[in-house]
Amino acid sequence: MSLSLHNIIPVIHAKWLGVDETCLIDNVSIDSRSLQNNNGTLFFALKGHNHDGHQYIPDLIDSGVRHFVVSHIPEKMAHKANFLLVDNTLDALQHFAAFYRKQFDFPIIGITGSNGKTIVKEWLNFLLSPEYNVIRSPKSYNSQVGVPLSVIGINERHNFGIFEAGISLVGEMEKLEKIIQPTLGILTNIGSAHNEGFASEEEKITEKLKLFKNTEVVILQKNQKNEALLPPSVKTFTWSYSDTSADVLITEKGNSSLEILWKGEQFLVEIPFHDKASEENAITCLMVLLHFGYNQKTIQERIANLYPVEMRLQVKNGINNCTVIDDSYSSDYQSLKIALDFLEQHKTHKKKTVILSDIFQSGFPVEELYAKVSSLLLYNKIDTVIGIGEGIGAHLKDYPNFISFATTQDFLLQFNSSHFSNETILIKGARSFQFEEIVVVLEEKTHETVLEINLNAISHNLNFYKSKLKPTTKMMVMVKAFGYGSGSFEIAKLLAHHKVDYLGVAFADEGIALRNAGITMPIIVMNPENSAFAAMVAYNLEPEIYSVSVLKKFTVLAQQKNLSNYPIHLKLDTGMHRLGFEEKDLDELIGLLRNNNLISVKSIFSHFSASDDLQYKDFTLFQIRTFDSMSQKIMSELSISPIRHILNTSGIYNFSEYQFEMVRLGIGLYGVGNDPEEMTHLEHISTLKTIILQIKNIPVGDSVGYSRKFIADKPTRTAVIPIGYADGIPRSWGNEKGYVVVNQKKARIVGNICMDMLMIDVTDIDCREGDTVTVFGKSPRVTELAEVVGTIPYEILTSISHRVKRVFYKE
Ligand SMILES: *Cc1c(COP(=O)(O)O)cnc(C)c1O
């Protein structure tokens, strides 16, 4: 891309407030964290409900970005950069993308539907790339922001495009259509996903079909109702299992073989999957190949080689204290950029290593491609690059610290675990390189049970609670107890990006671990122990002070260390009767703080005992009044105005008018509310998964597990899964009280839960050894599990053993 600002101004209807219109733009960004932001970047300051790109402009100017599309100019920035002023920065980004798209004239497929968009897109890319230079949406970039960013990735060398479009509201598809301008349409399976934004099923389908307004042909499963909603000028190319009026008739022949009947010709296609969804996605791809005139033999060969698609970037613990970012299934220039941004955001160590395979279908000639890759890696300050493949080996050899291997096997043969330690390693390779084998050797060995944490869902939940608050109210997030069991460091990094004001931990060592991992934001320690005061000061951690004796001890330390105005936080007991100053202590407290310059009261707070239970509403309001009067007394007698805070998660939800200057969010961030209505706004963040180790057939009368608690009353098929009470599964969840989910079906737990294993009934479930088992997540929800065993989700989440590996991912 190379466009001058001069050309862009009219396209996005901007008012020009800058110095030099002739500057050339070679990159577009919306992410302040991206290290590819440079002086050729045009930064669009997007505004969401709870996120405002304008906030990052001063920092971006400091780091060298010069051109901004804004809806207002941040204070004191007016003459420091080029500003293109518009009414709405998202509209501007979309107009820009639509304009950019028009510069190119080649076939572009637009895909929409409820399910399967990303898989169909990835498979088509695989199927068509031998003939074409394909540009496609990276990952699942299909939103109002993702689509323009995808289209902006087109360059002169591409000659085929595949973009997906996803919508959740009326009016959105029209905008995406203008950006993608597809010439061929694909409608994948229509399900019930995202129904909330639409009045009816029909309205949703009509909206989706707007993507095809100007396409020549649309490929879809034969369906009279859907076809009637298509714009009249559009031709269809349809398939069906039964309707003989479809263009292509499909007959299932068992064993994943399909018989295709088209234009009187019949042939068989093998697909390497067993499930219905994959089959339908494969048929959609086959339709595209037929449409473009591929012959039977090529279709058979290529479809037989389709593969499972993994679109997520995953963060895993590696050997020797490394962090591994697993993106081992794709390697193209666009997704390399995304992965490098992700690496920067989630790196746990200063040292960054990238293991990269040859890159295919970039659209650039190889020389130019690797020159670009090399400068991208340099921008991102990658210390070591391990290149695998002939192409990268030949073209990146001048990169400082470049190590080259011809094949993945060569790398594995020479692999020595001691060569990797205390570094963050991005593993990114084209599928044919089978980098999953590299992930296996670099990953920390633990058992098959993992707790997967969805970072997008955490952001979503944070934003839900922010939406309950005034924009000026500060936010502390509790990451105590290892982030409620979800992992503290990764979550803290995300919170830092969201500009949360404070983190809360229970003990000093939790705070120290966060500091060692590079977290610099303010951290308050809720249960400071006297023995840890010195360490807290050394690590810049701020203590909660809850009694006169603690205050005296901390003051002594402050004197010894020559501190001045060291921030402390006063905890008042307003009825919980846990830690905190009581009314009777206030005079002595005030006396000790008066004229004390060693320490400074940064905040005053209290904690609710029943904000989740509205039957105790009066008591909660009493706590609030008591808090207000006690804190007023301290503030007026000392003439100070610290931050005040009392609301926890349920407090934010039920008593948001009492937010004072800050709130303390805990469990809600982790996807658990204490109210059913509240729960409907939250996304579940953690999924506890394991696998089936062994399957058994139990004859009638035989028993399963310790103490013979389960006796088969009919022939029963059981599966053993490697998770037990030592992993944090309550033993009382066993004996048919609880269930897990296997291949979307509920499997009850039979017999007693053992220390490291449990057994489930899979008599009516199609499954085999190695299949994934969900212990909790979307279903069953952790709330359901807690209820059945008579506890609260807090206890379940924080009890998941540390031997269960945490894996973080972003969609
Ligand atoms: C844990 C904790 C919170 C968060 O409570 P949630 O119910 O999880 O929101 C808030 N304040 C204090 C002092 C806490 O210890």
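Guide: A polar contact is a pair of N or O atoms within 3.5 Å. This model is predicted: local features need pLDDT of at least 70, side-chain atom pairs need 80 or more, and totals for chains, interfaces and linings use all residues. Numbering starts at 1 along each chain, and side-chain values use heavy atoms, without hydrogens or water.

Visitor: How far is the polar side-chain atom of asparagine 648 from an oxygen atom of the ligand?
Guide: Asn648 belongs to the shell around the ligand, where a residue needs a heavy atom within 4 Å. A polar atom of the Asn648 side chain faces a ligand oxygen at 3.4 Å.

Visitor: Which residue has a polar backbone atom 2.8 Å from an oxygen atom of the ligand?
Guide: Lys480 uses a polar side-chain atom, 2.5 Å from a ligand oxygen. The backbone partner, at 2.8 Å, is isoleucine 667.

Visitor: How much of the ligand's accessible area does the protein cover?
Guide: Alone, the ligand has 390 Å² of accessible area (Shrake-Rupley, 1.4 Å probe). The share covered by protein is 93%.

Visitor: At what angle do the axes of H22 and H23 cross?
Guide: H22 spans residues 586–593 and H23 spans 617–638; helices are DSSP runs of H or I, at least four residues. Their axes (lines fitted to C-alpha atoms over the stretch in contact, angles 0 to 180 degrees between N-to-C directions) come within 10 Å. The crossing angle is roughly 30°.

Visitor: How many nonpolar residues are in the contact of H22 with H23?
Guide: Contact means heavy atoms within 4.5 Å. Leu586 and Ile590 are among the H22 residues, meeting an H23 set that includes Met630 and Glu637. The contact has three charged residues and no polar ones; the nonpolar count is seven.

How values were computed:
A polar contact is a pair of N or O atoms within 3.5 Å; within protein, one must be able to donate a hydrogen and the other to accept it, and residues adjacent in sequence count only if both atoms are side-chain atoms. Helices (H or I, at least four residues) and strands (E, at least two) are DSSP runs, numbered from the N terminus. Ala, Val, Leu, Ile, Met, Phe, Trp, Tyr, Cys and Pro count as nonpolar, Asp, Glu, Lys and Arg as charged, and the others, Gly among them, as polar.
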